[in-house]
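Student: I've got a new structure open and no idea where to start. Can we go through it together?
Tutor: Sure, here it is.

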Amino acid sequence: MISITVTALVFGVIFLAELPDKTALAGLVLGTRYRASYVFAGVAAAFLLHVVLAVAAGSVLTLLPQQIVHAITGVLFLGGAAVLLMKKGEEDEEIRKPADQSFWKVAGTGFMLILVAEFGDLTQIMTANLAARYDDPLSVGLGAVLGLWAVAGLGIVGGKALMKKVPLRLITQVAAVLMLALGVWSLWEAVAG
């Protein structure tokens, strides 16, 4: 049986912890370029897998070498920033229509980005700790998944709304700079940790 109290508590904690995280940025960037439903499907699947792992494995995930996770995340963000900065002629480029980008390609991109970037993340560790504390894996899992999906949805929808007011080129440049900063920070954490 699912406890509404535990689910609501976990939702609140995970939502607030994830809101300022890189996930909203990743969702925003993908949401500006691809069909939102495709992006959300991939991101939601990755978060579901993360929560299942966190709840099932509990605190074992906290034992993974954080330096490796930070290094991989840093390289992915630096690569993403480089790709964004090297794109030419985006002034007239429209957001790709679903016909240009298949569901599996877009959803797969969102899935892989979140799968790697969020592995061993604070919210995954928090989910494992909350599962151990409340001994209610279904309620904790449901609250965590809904909290993560809410943040991802806000990022993706925010990206679509932003496109109506701001040129794609400017969004791309700002996103590249933010991704560059996140990449450098992640690599610094890998070296310093």
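Tutor: One term before we begin. A nonpolar core is a set of buried Ala, Val, Leu, Ile, Met, Phe, Trp, Tyr and Cys residues joined through side-chain atoms within 4.5 Å. Buried means under 20% relative accessible area, exposed means over 50%, and partly exposed is in between (1.4 Å probe, protein chains only).

Student: What kind of model is this?
Tutor: This is a predicted model: local features need pLDDT of at least 70, side-chain atom pairs count only at pLDDT 80 or more, and totals for chains, interfaces and linings use all residues. Residues are numbered from 1 along each chain as its sequence is written, and side-chain values use heavy atoms, with hydrogens and water left out.

Student: How many helices and strands does the chain have?
Tutor: There are 8 helices and 0 strands. Both are DSSP runs, numbered from the N terminus: helices are H or I with at least four residues, strands are E with at least two.

Student: How much of the chain is buried?
Tutor: Buried residues are 42% of the 193 residues.

Student: Back to that core. Which residues have the most contacts inside the largest one?
Tutor: Val10, Ile14, Val39 and Val140 do, in a core of 26 residues. Two or more residues come from each of α1 (4-18), α2 (22-33), α3 (36-57), α5 (103-117), α6 and α7. The top giver is α3, with 7 residues.

Student: What does Ile14 touch, leaving aside neighbours within four places in sequence?
Tutor: Contact means heavy atoms within 4.5 Å. Ile14 is in contact with Thr123, Met126, Thr127, Leu130, Ala144, Gly147 and Leu148, with those neighbours left aside.

Student: New topic. Where is Asp136?
Tutor: Asp136 lies in the loop between α6 (122-134) and α7 (137-163).

Student: Buried or exposed, and why?
Tutor: Asp136 has a relative accessible area of 15%, so Asp136 counts as buried.

Student: What does the side chain of Asp136 make a polar contact with?
Tutor: With the side chain of Ser139, at 2.7 Å. A polar contact is a pair of N or O atoms within 3.5 Å; within protein, one must be able to donate a hydrogen and the other to accept it, and residues adjacent in sequence count only if both atoms are side-chain atoms.

Student: And Ile2, where is that?
Tutor: Ile2 is in the segment before α1. Ile2 counts as partly exposed because its relative accessibility is 39%.
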